[in-house]
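Work through the exercises below with the sequence and the 3D structure at hand. Try each task before reading its solution.

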Amino acid sequence: MNPSQSPAESPNMKAARNLSLSATAKSSSHAVPPPLKVAVIGAGAAGLVTARILLRHGIQPILLEKDSAMGGVWNYRPNSSTRPMYRGLRTNLPREIMAYREFPWGGDGTTRSFVTHGQVKDYLKRYAKKFGLEDWIRFGCNVRHLKVLKEKASRVNPQWPKIRLEWEDVGAGATGGEPCRREGEDFDAVCVCNGHYAKPFHPEIPGLQQYFQGKIYHSIEYDDPSIFKDQVVLCVGGRASGSDLAREISTYAKKVYLSDTTCPDLSEQQGEPIQKGNVAWVPTTMAVNADSSISFRRDCRDTPKVDCIIFCSGYDYHFPFINEESNVDLFALPGERRVMPLYEQLWHAAYPSLTFIGLQHSIVPFPFFELQAEAIASQFQKEINKEKLNHVWTLPSLNDRIQAAEADAQGGGPKEMKRVQDTHFLGSFQWDACIKYARFAGICDENLEKYIRTNKAIYDHASKERKRLFPGGIDSYRSNSYVRDDEHESFQVYFIQEEIAVDA
């Protein structure tokens, strides 16, 4: 679709147009300012919910999506080496807490709560249909450049700048070898929802490039476990993707080593790996030796030779549209996994008209995005309707925002062992963050707190069930089916025997 043209007019868009015309027709003595122009970069889970919340606040968004379909990372493409989704993936969170608060999912107690990527994509499509979100998406728009227009005031707040985006209309150059057409518009605000699963992170291992004789992959390249038939495979990284890949690959491989920083000290078992079946749980990978063998932490005596290494080591933050040509101070250095300067890890400290949704990790993502979007939209409304929304929290001064952003960037995250890489980690700290964003939005009430505490109860149970299992072994926790009980901040759980077919 040509982004310079409006999409075909739907009932939702017609209603919005009529509302604008009605406002324009009023007496000039009661002139209504033109509607805000807000861009949302990305139509994945974060972008969709941001658009929904903006629309509910009477703000018409423009979603710029580089692909031809919504869904972001949940758009599975077979044998892709640039997308993190793989054919056998099932969620490691129950759908009952994955769902947006406004659009519940599951809870029947008869089918498994841990679903396939295809089921998640279908859920997002149903969510978009229910709230008419596809009408506001410009597909095939790959954002290439973002610039703060310091000389132009945003209609949200005259002290905030407008932001210009430029993008390529991918569809325009899709045939005939013609170049993509470059487009651009100025916006009162921009919500960045491009995710953080695009730029693979590769840890530095001494001797890897010099001595290793096998193949090296990142988990973003993984799709089909059968290609590892009869091989010895090393998976580096024991979080969700590492454990799941080790389990899948073990059905074909000769042996799989899962290298994980949480592996217990092996001294008590004479330095031998902890093994079940053909999966060996080993500590941190320390080096590749001159004979191409692998050395793990010193309490492990095993130094195997492997056919390939798969790095299940996560991703760096990546904003390709904020580059040398941009005039925005934004730092996201490779390996640091830290984005700064941000106020409350949501607003750019100097330019609050630029926001970043979904940077935090180790969270229940969809409802977390939802509350962040509520906080952003409430600030837009607060700035526009100051007299009517005095009860809503307000962003502090520029100086206070910058000082807070600096303290956050240097704080090393919420864990006791402070590390730059944990700046955006939340885990068990996510529930307080949810409450915080809800308070920013002015929507924190008893029902919302019960909802969040119920999410926490289910999350804690599912995490405990997963962590008691051998990593890379049978994932029996995924056979559970949860039923929420928000009134009592509790749940019921049932074990479901039947298998679920994996998406093709």
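The exercises go from the whole chain to sheets, helices and single residues, and the model they use is predicted.

**Exercise 1. The whole chain**

Find how many helices and strands the chain has, and what share of its residues count as buried.

Solution. Start with the secondary structure: the chain has 10 helices and 22 strands. Next take burial: 53% of the 504 residues count as buried. Finally look at contacts between residues at least 6 apart in sequence: 64% of these join residues at least 24 apart.

**Exercise 2. The sheet of 6 strands**

Give the strand order of the open sheet of 6 strands and name its edge strands.

Solution. Step one is the order, which reads E9-E16-E10-E11-E13-E12, with mixed pairing. Step two is the edges: E9 and strand E12 (274–276) each pair on one side only. Step three is the twist, which averages 20° from one strand to the next.

**Exercise 3. Strand E16 and its partners**

Describe how strand E16 (residues 308–311) pairs with E9 and E10, and where the side chains of E16 point.

Solution. Take E9 (residues 215–218) to begin with: it runs parallel to E16 and is joined to it by 4 bridges. In this pair, Ile216 stands opposite Ile309. Now take E10 (residues 232–236), which is also parallel to E16 and joined to it by 4 bridges. Here Val233 stands opposite Cys308, and Val236 has Phe311 as its bridge partner.

For the side chains, recall a general rule: in a regular strand they alternate between the two faces of the sheet. In E16, Cys308 and Ile310 point one way, while Ile309 and Phe311 point the other way. All four residues are buried.

**Exercise 4. Helix H6 on the sheet**

Determine which strands helix H6 (residues 240–250) touches, and how many of its residues are buried.

Solution. H6 packs on the sheet that contains E16, touching E10, strand E11 (255–259), strand E13 (279–282) and E16. The direction of H6 makes about 175° with that of E11. Counting burial, 9 of the 11 residues of H6 are buried; among them are Gly242, Asp244, Leu245 and Ile249. The cover over the buried residues of H6 includes E10, E11, E13 and E16.

One residue of H6 can be followed further. Ser243 lies in this helix and has a relative accessible area of 13%, under the 20% cut-off, so Ser243 is buried. Leaving out residues up to four places away in sequence, Ser243 touches Gly237, Gly238, Leu258, Pro471 and Gly472.

**Exercise 5. The sheet of 3 strands**

Explain why one side of E4 and of E6 has no neighbour in their sheet.

Solution. The sheet is open, with the order E4-E5-E6 and antiparallel pairing. Strand E4 (141–153) and strand E6 (181–187) are at the edges and have a single partner strand each, so one side of each is left without a neighbour in the sheet. Neighbouring strands are turned by 20° against each other on average, direction ignored. Between E4 and strand E5 (residues 161–169) there are 9 bridges, and Lys147 has Arg164 in E5 as its bridge partner.

**Exercise 6. Helices H2 and H7**

Describe the packing of H2 (residues 45–56) against H7 (residues 365–384), then check the length of H7.

Solution. Two packed helices are described by the angle between their axes and the distance between the axes. For H2 and H7 the angle is about 40° and the axes are 9 Å apart. The crossing is right-handed. Residues of H2 in the contact include Val49, Ile53 and Leu54, and those of H7 include Phe366, Phe369 and Ala373. By type, the contact residues divide into 10 nonpolar, 1 polar and 3 charged.

For the length, 20 residues at 1.5 Å a residue should span 28 Å; the end C-alpha atoms of H7 are 29 Å apart, which agrees. As for burial, 18 of the 20 residues of H7 are buried.

**Exercise 7. Glu449**

Is Glu449 buried or partly exposed, and which residues is Glu449 in contact with?

Solution. Glu449 lies in helix H10 (residues 446–467). Its relative accessible area is 22%, so Glu449 is partly exposed. Leaving aside neighbours within four places in sequence, Glu449 is in contact with Ile435, Arg439 and Cys444. Ile435 is 14 residues away along the chain, and the C-alpha atoms of Glu449 and Ile435 are separated by 7.3 Å.

Note on methods. Residues are numbered from 1 along each chain as its sequence is written. This is a predicted model: local features need pLDDT of at least 70, side-chain atom pairs count only at pLDDT 80 or more; totals for chains, interfaces and linings use all residues. Side-chain values use heavy atoms; hydrogens and water are left out. Axes are lines fitted to C-alpha atoms, for helices over the stretch in contact, and angles run from 0 to 180 degrees between N-to-C directions. Helices (H or I, at least four residues) and strands (E, at least two) are DSSP runs, numbered from the N terminus. A crossing is left-handed if the near helix is turned anticlockwise from the far one by less than a right angle, and right-handed if clockwise. Contact means heavy atoms within 4.5 Å. Ala, Val, Leu, Ile, Met, Phe, Trp, Tyr, Cys and Pro count as nonpolar, Asp, Glu, Lys and Arg as charged, and the others, Gly among them, as polar. Buried means under 20% relative accessible area, exposed over 50%, partly exposed in between (1.4 Å probe, protein chains only). Two strands pair if DSSP finds at least two bridges between them. The expected span of a helix is 1.5 Å times one less than its number of residues.
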